[in-house]
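Work through the exercises below with the model open. Each task is followed by a stepwise solution.

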Amino acid sequence: MSPQPRIFVTGIGVVCAGANNVAELRALLASPRRDFRSPTVFPCQGATTNLPAAEVTGLDTSQVGEAPRTHRLALLAAREALGEGPPPDAIVLGTTTGGIFATETALQAGSASPADYRYHGLDTVALHLADALNVRGPVLTISTACSSAAVAMSVAQALLRAGLARRVLAGGADALCRLTFHGFRTLQLLAPEGCTPLDTNRAGMTVGEGAGFLVLEPTPDKRPILALLSGTGLSCDAYHASSPHPEGAGAAQAMRRALEDAGIEPSAIDYVNLHGTGTVDNDAAEAKAIRQVFGLTLPALSSTKGLTGHPLAAAGAIEAVISVVAMTEGLMPANTGLDIVDPRLGLSPVLAPTRARINAVLSNSFGFGGNNACLVLSAPPAKLPVENPKVVSRPLPALRIAGSACLTAMGGLDETWNALVAGQSAAGFVPDAAFSKAVQAAFVRRLKRLPRLILALAQTAHATSGERTPPDFIAVGTAWGPLAETQDFLRKLFETAEQFSSPTDFIGSVHNAPAGQVALLLGATAPNLTCSAGDRSFSQALLCASLGVAAGAKSALVIAAEAHEARLSPLFDPGAATGPQASDGGAAFVLVPDDAKPGPRMRWLGEYRDLKLLQEHPTAPYDAILAGVPASLAADAAERLAELTAAVSPCLLVTFRDRLGQHASVGATAAALAARAVLEGALPFASTPIPLPNKRLLLLELGPRVAAIEVFA
Amino acid sequence: MTEQTDSLLPELARKLVETLGLDMAPESVDPDAPLIGAGLGIDSIDTLELVVMIDKDYGVKIDNRAAGVEAFASLNALATFIRQHRPASPA
């Protein structure tokens, strides 16, 4: 493989408990003091009265508008990272809470107005940034619980290496909300006196909040270079929905992958910023993983969560900023909050801020679903300008579809195909019988609709592919995530004056919970991503998987699905979730590198701010354009479709949601049927089958941004 | 055994099966078998689910490992634990 271009960090921005910008973070790391207290953003009563959180205070939000807290935190940190520099051409954001704080407030008030829920989608955070910062290219959202921002860094690195962007704003944001605070409380994971990572008497974590961003570019402009993002490593435990692997196997694997990607030995690491949440299990497993990777000579290490709390999806980004500051300042951050080091851990953390030259840092982030992401950041080379292998901008290679599955109101792929051929519509909700038998009852006992749909899709696609080994890469797309779990958790919480709710529902409510279940089902310890970007969720999962294959994965499992939830779906996505077209379901694909074998192919083409940008790409002789028009855009549909016809060389236009129904991941279903159609030579999406002489279809999702995929044989 | 135990035990068996979505009849839960582990397939998340249910429905907190070991030794042990720690109910 040719040498990878180096990725430079040219900007950093941060907001977290105790520091509202980088200058304050520097001061905080030099003189650590923490101020954990009961949250003020929502009332706490009864058993939760004195339970501390790590809240951001003293924000100047005059410049960031009326959006929810996560959005505000994100924009503040993003603006700081970008400074006076040009806008990025892509954003990769990790978040788990999105606008749920506003949703909780609206639900509690009994609001039935969808306008009050317009910020619920995780995608709204990154789109908020894209609008404010004038971003033309892909706007990606990764949601893998507490590893989200570190995974986002890895995706940003892959985008840059593939030449799909020149300047990426990558980071994460999460705000305090009732769901996460009470969720971790029901798991008995919140430390009554605040977290004390690595302490022998540690009693849990402290939920924090904040945002962090890095500006990443392979060809830096004139700004000073702060650091390099030298390597990233992802893995999945495939062990348990919420508990880490007790021996830290997945964590060690992610650390090794990051070191290998950076091309350095463990001994080159001067400092490790631990995940170090302060829970008994995390710290024990992480310590074992550290000792496996580094052997007898451990680098300096500390957890900074005793200072910042645990900012969940933002943690990996805030800690990446801390790692950069540690190198630029020559300062080892202290393991704040520690009294007596737990002797069972076998670690000697940095007890007080220590001056030292730091050339390379490893930063760890681990999340629910056994989702692990590690970053290696390095000090910039002494001499500039730097020779850097040229990044060649070219389309991602096509992938061969080795196996596929879909679920619609008609059933699986064959039933759906036959119904369409017979002139029927496949709109509606997936009947239980279509997916309930795919996976053993005992395995799915605690799972609700979305994970069950996704497991059935994964099982069927994997089985039809004939692959005997677990996939090398898993990417799931879902706009709304596990809604039944979210609804049930909040309902139980509000019914009991915010005293009780279900730990099972909390664990199940994170967007990557279904992907974690897929890893468990298939025994897949490979990178495991969940993308949540409205109608572009499938496209983004396909993009991530394609980047994974470009980096050497031998097979990738891509799944996108939505599960209708009676109360929340009509509030969140009213156009799609009400009326005769209301639907759910999705599709899955096993994708392998393009080889000589026959069969349909799929290629991610791009994601654009407007349709005119499609013209920048050469168009193949498509037989038809399959356009997904979300119900929310129905008013503008005619105008958008006219724009589309003008933008792409003339060919037949088919709006597939008329036949397949309305839900955010129905584009995946359309792709599964398109793959069948290019083999059969005809597309049954109209009153008479459309012949496909070129066996090539362009698939577009027309949401707030346009996603383009091609399917051909 | 008192009548109190007799009414609490089937109630707990029913709540156990309902709360955890177990595919079995409440009567078939062996009152003396360990609750956690291989038999019923109950793991740490299920245990926390029971902890929340017991706090909410009986006002009894199980917030440390020792209490958990005692309370979840069996369905009978759980009934005993609840009776011992239950706050005096208002008349």
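## Exercise 1: A salt bridge inside chain A

E209(A) and R69(A) form a salt bridge, with their closest N and O atoms 2.6 Å apart. The model is a predicted one.

**Task.** Place E209(A) and R69(A) in the chain, and state whether each is buried or exposed.

**Solution.**
1. Locate the acid. E209(A) sits in the loop between α6 (178-186) and β5 (210-217) of chain A.
2. Locate the base. R69(A) belongs to helix α2 (residues 69-82) of chain A.
3. Take the separation. The two are 140 residues apart, and the pair links distant parts of the chain.
4. Check accessibility. E209(A) is buried, and R69(A) is buried too.
5. Set the pair in context. Over all chains, the whole structure has 38 salt bridges.

## Exercise 2: Two salt bridges in chain B

**Task.** For E18(B) with R14(B), and for D57(B) with K15(B), find which elements hold the partners.

**Solution.**
1. Start with E18(B) and R14(B). Their closest N and O atoms are 3.5 Å apart.
2. Find the element. Both lie in helix α1 (residues 3-20) of chain B, and because they are four residues apart there, about one helical turn separates them.
3. Read the accessibility. E18(B) is exposed, at a relative accessible area of 56%. R14(B) is partly exposed, at 38%.
4. Turn to D57(B) and K15(B). Here the closest N and O atoms are 2.9 Å apart.
5. Find the elements. D57(B) is in helix α2 (residues 44-58) of chain B and K15(B) is in helix α1 of chain B, so this salt bridge ties together parts 42 residues apart in sequence.
6. Read the accessibility again. D57(B) is partly exposed, with 33% relative accessibility. K15(B) is buried, with a relative accessible area of 14%.
7. Finish with a network. Salt bridges with shared partners join K448(A), D488(A), R491(A), K492(A), E495(A) and D505(A).

## Exercise 3: The interface

**Task.** Describe the contact between chain A and chain B: how many residues, what buried area, and how many salt bridges?

**Solution.**
1. Count the residues. Chain A contributes 16 residues and chain B contributes 16 residues.
2. Take the area. About 1,300 Å² is buried between the chains, and carbon and sulfur atoms give 55% of that.
3. Find the main contributors on chain A. Q188(A), R445(A) and F500(A) supply 44% of the area that chain A buries against chain B, more than any other three residues.
4. Count the charged pairs. Three salt bridges cross the interface. One of them joins D46(B) to R446(A), whose closest N and O atoms are 2.9 Å apart.
5. Count the polar contacts. Nine residue pairs are in polar contact between the chains, both residues at pLDDT 80 or more.
6. Assign the chain A side to elements. Helix α14 (residues 503-509) of chain A gives the largest share, three residues.
7. Sort that side by type. It has five nonpolar, nine polar and two charged residues.

## Exercise 4: Two buried polar residues

**Task.** What surrounds S143(A), and what surrounds H182(A)?

**Solution.**
1. Place S143(A). It is in the loop between β3 (139-142) and α5 (148-161) of chain A.
2. Check burial. S143(A) has 1% relative accessibility; buried means under 20%, so the residue counts as buried.
3. Find a polar partner. A polar atom of the S143(A) side chain lies 2.8 Å from the backbone oxygen of T95(A).
4. List the neighbours. Leaving out residues up to four places away in sequence, S143(A) touches T95(A), T96(A), L122(A), S148(A), H511(A), N512(A) and T530(A).
5. Place H182(A). It lies in helix α6 of chain A and is buried, at 0% relative accessibility.
6. Find its polar partner. The side chains of H182(A) and R185(A) make a polar contact at 3.1 Å.
7. List the neighbours. With the same exclusion of residues up to four places away, H182(A) touches F42(A), T48(A), F489(A), L493(A) and E498(A).

## Exercise 5: Cysteines

**Task.** How many disulfides does the structure hold, and where is the cysteine sulfur nearest to that of C44(A)?

**Solution.**
1. Count. There are zero disulfides over all chains.
2. Test C44(A). The nearest cysteine sulfur belongs to C177(A) and is 12 Å away. The cut-off is 2.5 Å, so this pair does not qualify.
3. Check burial. C44(A) is buried, with a relative accessible area of 17%. C406(A) is also buried, at 3%.

Methods:
Residues are numbered from 1 along each chain as its sequence is written. Chains are lettered from A and ligands numbered from 1 in the order in which they are written. This is a predicted model: local features need pLDDT of at least 70, side-chain atom pairs count only at pLDDT 80 or more; totals for chains, interfaces and linings use all residues. Side-chain values use heavy atoms; hydrogens and water are left out. Contact means heavy atoms within 4.5 Å. Buried area is the accessible area (1.4 Å probe) that two parts lose on being put together, summed over both. A salt bridge is a side-chain nitrogen of Lys or Arg within 4 Å of a carboxyl oxygen of Asp or Glu. A polar contact is a pair of N or O atoms within 3.5 Å; within protein, one must be able to donate a hydrogen and the other to accept it, and residues adjacent in sequence count only if both atoms are side-chain atoms. Ala, Val, Leu, Ile, Met, Phe, Trp, Tyr, Cys and Pro count as nonpolar, Asp, Glu, Lys and Arg as charged, and the others, Gly among them, as polar. Buried means under 20% relative accessible area, exposed over 50%, partly exposed in between (1.4 Å probe, protein chains only).
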